[in-house]
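Q: I'd like a close look at one part of this model, with its surroundings filled in afterwards. Here is what we're looking at.

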Amino acid sequence: MIHRNKITTLTEFIIQRQSEYPHAKGALTRLLNDIATAAKIVNREINAAGLVDILGTVGKRNIQGETQKKLDVYANEMFITALKGGGECCAIASEENEKVISFSNEFSEKGKYVVAMDPLDGSSNIEANVSIGTIFSIYKRVTEVGGGTQSDLLQPGIHLTAAGYVIYGSSTMLVYSTGKGVNGFTLDPSVGIFCLSHPDMRFPETGKIYSINEGNYIYFPEGVKKYIKYCQENDAPTHRPYTSRYIGSLVADFHRNLIKGGIFLYPGTTKQPNGKLRLLYECSPIAYLAEQAGGKASNGINRILEIEPKTLHERSPFFVGPRSMVETVETFMRQNHKK
Ligand code: P6P
């Protein structure tokens, strides 16, 4: 039972944190609240998905060539509507849209921020009632006037102002950072309020979980194959063999690993040399949170946050988790790199 006098709501927390930024005028506060509002609306539809005609596909494919689910399209529209209506965001890059959505109306083009998002990640799991998520990242625009443009969005993760995710699971949580640590808020559905439930989230120093789709084993680089065998060796002092846990929903796999301690790997393969996950709206925001939680995120060689996106939907190999675990897999990759 949540006792009213002991909780901090997301809105209270954001406003409290705003006071730590002397020049803040409340724009980021309003933008984060716009995202939280859209998340609550999407959450309501997801929870009712089995009861109303919102499961299944819309009979179209997105820019990725992936079949668009009705909930994908619904979530995308909800976040776009909330961000456009809030007036703090002048453009959006979305997994569901090939091009940048630029808000060039008088109200929105004054927005100081742009948002890159995956409105509903892991949607192939919807019919199976498996946890899915929204991933969002917020950058300050680099252009001066007018609707936001692609150049406002193609920024490396080191320029992020904020990033976070919503996980629609056994409970719905919003987890985010503005650069001073990671905090998690659980939705109290009885009143529709996100309440601080996981203050100052940090990776455990190391972990005993590895998350990878081993069905792709034969296509992995040699270093990844060797790392998987390393995870499976019997070595009590380093708590191996590790446990293999893979949901197939990035937000759910990352959230579990953040709390329990574990590494998530989506390597490049001989079939997809750059892997499957998109740099701008999946890897960079999750990498930002991972570093804010004391962890590390790389493409196997370079720090994810320093990679400058060249196109909106480019993919990147992705290794994220406690620093020591990511450095171990990087060592295996370096030692087995084919020239
Ligand atoms: P695979 C979901 O489709 C997603 O984009 C991520 O959420 C998830 O981590 C990954 O793809 C799963 O991919 O190839 O293992 O099914």
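Which strands does helix H7 (residues 279-292) lie across?

A: Helix H7 lies across E14 and E15, running at about 20° to E15. Before going further, bear in mind that this is a predicted model: local features need pLDDT of at least 70 and side-chain atom pairs count only at pLDDT 80 or more, while totals for chains, interfaces and linings use all residues. Residues are numbered from 1 along each chain as its sequence is written, and side-chain values use heavy atoms, with hydrogens and water left out.

A quick word on terms: helices (H or I, at least four residues) and strands (E, at least two) are DSSP runs numbered from the N terminus. Contact means heavy atoms within 4.5 Å. Axes are lines fitted to C-alpha atoms, for helices over the stretch in contact, and the angles between N-to-C directions run from 0 to 180 degrees.

Now the sheet under H7. Five strands make up this open sheet, in the order E12-E11-E13-E15-E14 and with mixed pairing; two strands pair if DSSP finds at least two bridges between them. At its edges sit E12 and strand E14 (295-298), each pairing on one side only. Further in, strand E11 (residues 209-211) and strand E13 (residues 262-266) are parallel partners over three bridges, and Ser-211 stands opposite Phe-264 in E13. H5 packs on this sheet too, touching E11, E13 and strand E15 (318-322), with its direction at about 150° to that of E11.

The loop between helix H5 (222-232) and strand E12 (243-244) holds Pro-241. A cis peptide bond joins Arg-240 to Pro-241, with omega about 10°. Most peptide bonds are trans, and most residues other than glycine have a negative phi. Asn-129, in the loop between E5 and E6, has a positive phi near 60°.

Those two strands belong to another open sheet, with eight strands in the order E4-E3-E5-E6-E7-E8-E9-E10 and mixed pairing. Strand E4 (101-102) and strand E10 (193-198) each have a single partner, so one side of each is left without a neighbour in the sheet. Strand E5 (residues 113-121) and strand E6 (residues 132-140) run antiparallel, joined by seven bridges, with Met-117 opposite Phe-136. Helix H3 (residues 70-86) packs on this sheet, touching strand E3 (89-94), E4, E5, E6 and strand E7 (160-168), and its direction makes about 160° with that of E5. Helix H6 (residues 250-260) lies across E5, E6, E7, strand E8 (172-177) and E10, at about 100° to E7.

Then there's the ligand. Among the 13 residues around it, Asp-121, Asn-213, Tyr-246, Leu-250 and Tyr-266 come nearest; being near takes a heavy atom within 4 Å. A ligand oxygen is 2.5 Å from a side-chain N or O atom of Asp-121, and for Lys-276 the matching distance from a ligand oxygen is 3.0 Å. The protein covers 83% of the 400 Å² of accessible area that the ligand has on its own (Shrake-Rupley method, 1.4 Å probe).

Note on methods
Polar contact = N/O pair within 3.5 Å; in protein donor to acceptor, adjacent residues only side chain to side chain.
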